[in-house]
Amino acid sequence: MTARGASLRPAAAPRRAGTPARLAPPEPADSAGTPPDAAIAPAPGSGQAGYQRARQFALTHALVTDAVLALLLAGFCMPWLLTIHPGPAAWVLQASLLIPLAWRRRYPSSVFAVVCAVALVQWFAGLRLVADVALLVALSTVATYRSRRVALAAAGALEVGAIMASVRWSLAGSGLSSLVFLSGMVAAALLLGISVSARSALVATLTERAVRLERERDQQAQIAAAAERTRIAREMHDVIGHQLAVIVSLADGAAAKLASDPPRAAAAIASVADVGRQALGETRGLLGVLRADGTGDGLAPQPGLAGLGDLAAQTRATGLAATLDCQGDPAGLGADIQLAVYRIAQEAITNTLRHARGARAVAIRVDIGPGCVELEVTDDGGPGPGAAPAPAAGGQGLAGMRERARACGGSVTAGPGPAGWVVRATLPTEWPR
C-alpha cells in the first residue's frame, strides 16, 4: 500500500506591499522632545528609506502649517499691538508667544511650557496682549497629542494663569466676570483637544479594522484557493493513478498473451484504448473547473455508486476476479458521499493492482445503513496477516483516502486481512454541515 507525502497547507498570507499603515494618534514625545511617529508609521515592505521620506514629509508639513497659523494669529493681533502697546517690549513678547506655535505639534509640552513662561513675564510687565490666545492653542495641542493626565495638568496651570490675569486686569468688567470668561476659554480649548484626540483614535480604529478585514479576506481567498488546488490534485491522482495502473496491467497481460493467445491479447489492447479514452474524458472534466470563462463545456457528472459496476468490470479486464456486493438503497445518498465512496474504492483497487503481490481476486462490498455507509475492499495478495505495509516512496493513495473520508466526516482504515489487504471506510449518509 502507499502512504501519502506531505499534505498541502496554505501558507500564511503575507501583507501586500502598499497596504495602508495604521493611523493612530501620536504617542507622547520623550524627554528630549522626539516627535511622535505613530501617524507616519510605514507600511510593511516600504523599507527604511520610504519610512524616512514619509516621516520627513509629515514633519515638514506640520511645521509649515503651524508656521502659517502663527502668522495668521500675528496678523490678527497686529492692530491691538499698534494701537495699545506700540513699544518694543510688547513686540518682543508677542513674537515670543506666537513663534513657538510653529513647533506645537512636534514638541507640544515644550511649546506649552515656553508660552506659559512668556505669559508669566508679560504678567509681571503688566502688558495686556491679544497674543495670549497662543496659550489656548498650546493647551488644545497638548490635549490632542498628550495623555489625559498631562492635558489636565496643563489646563490646571492655565487656570492659575486665568486667576492671575483676572486679579490684575478686568477683562470682562469685573474680576469675577473675567475669571468666568477666561475659565470658559480654558475649558473650551481643553475639550476641543480631547475631542480631536478621540476622533483621531476612532479613525485609527476604523482604519485598522478595515485593514484587518481586507487582510482576512485575502487570507480566506488564499485558503479557499489552496483547498481547491488540493481537491483537484486529489481527484487527478485518483483518476490518473487508477487508469494508469489499469493500463499497465492490461499492457502487461497483452504482452504475455500475444504469442500464446492472440485473441485475448487483442481484447486487452482494445481495453487499453477504452481505459485511456475514459481517463482522458475524466481529466478534461476535472480541468474544466479551471477554465477562466467558467462555461464548463464538456463537464461530465462525477461518478457515484452506479459506477462501481463499471469499476469492477474494468478491474476484471486486468485479470483480477473482481466482485461487487452492494446492500441498501443509494437513492438517499448525496452526490458528494457517493463520489467519496467511488474514489476510495477506486484508489483501493489501484493499490491492489500496483502493490499487492500475487493478487488474483478483489472484492468490493458496500453496505448502506440508516446513518452511515460502509465500504470494504479486500484482496488476496501479499503481505499476509501480521505483516506491516511497505509504503512506496512518495505515495499518496492511503493519505488521500483518509483526507477524502475526513472531509465527509468519516474515516478510513487499512491493514492486513485474513488473506491479503483490507481497506474499510465509514462515511455518514449526509454531508456534514
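**Helix packing and a buried glycine**

Student: Why are helix 9 and helix 10 called roughly antiparallel to each other?

Tutor: Happy to take that one, bearing in mind that this is a predicted model. Helix 9 (residues 335-355) and helix 10 (residues 397-407) pack at an angle of about 170 degrees. Angles over 145 degrees count as roughly antiparallel, so the pair earns that name. Their axes are 10 Å apart, and the crossing is left-handed.

Student: Which residues make the contact?

Tutor: Helix 9 brings L339, A340, R343, I344, E347, A348 and N351, while helix 10 brings G397, M401, R404 and A405.

Student: What makes up this contact by class?

Tutor: There are six nonpolar, two polar and three charged residues. Gly counts as polar here, so G397 of helix 10 falls in the polar class.

Student: Now to another helix. Why does G193 count as buried?

Tutor: Good question! G193 has 0% relative accessibility. Buried means under 20%, so G193 counts as buried. The place of G193 is in helix 6 (residues 175-257).

Student: What does G193 touch, not counting residues up to four places away in sequence?

Tutor: G193 touches S140, A143 and T144. With S140, the separation is 53 residues in sequence and 4.4 Å in space, C-alpha to C-alpha.

Student: And how much of the protein counts as buried?

Tutor: Of its 433 residues, 38% do. The protein has 10 helices and five strands, and it exposes about 22,900 Å², with carbon and sulfur atoms supplying 62% of that.

Note on methods
Residues are numbered from 1 along each chain as its sequence is written. This is a predicted model: local features need pLDDT of at least 70, side-chain atom pairs count only at pLDDT 80 or more; totals for chains, interfaces and linings use all residues. Side-chain values use heavy atoms; hydrogens and water are left out. Axes are lines fitted to C-alpha atoms, for helices over the stretch in contact, and angles run from 0 to 180 degrees between N-to-C directions. Helices (H or I, at least four residues) and strands (E, at least two) are DSSP runs, numbered from the N terminus. Angles under 35 degrees count as roughly parallel, over 145 as roughly antiparallel, 65 to 115 as roughly perpendicular and the rest as oblique. A crossing is left-handed if the near helix is turned anticlockwise from the far one by less than a right angle, and right-handed if clockwise. Contact means heavy atoms within 4.5 Å. Buried means under 20% relative accessible area, exposed over 50%, partly exposed in between (1.4 Å probe, protein chains only). Accessible areas come from the Shrake-Rupley method with a 1.4 Å probe; for residues, only the protein chains shown count as cover.
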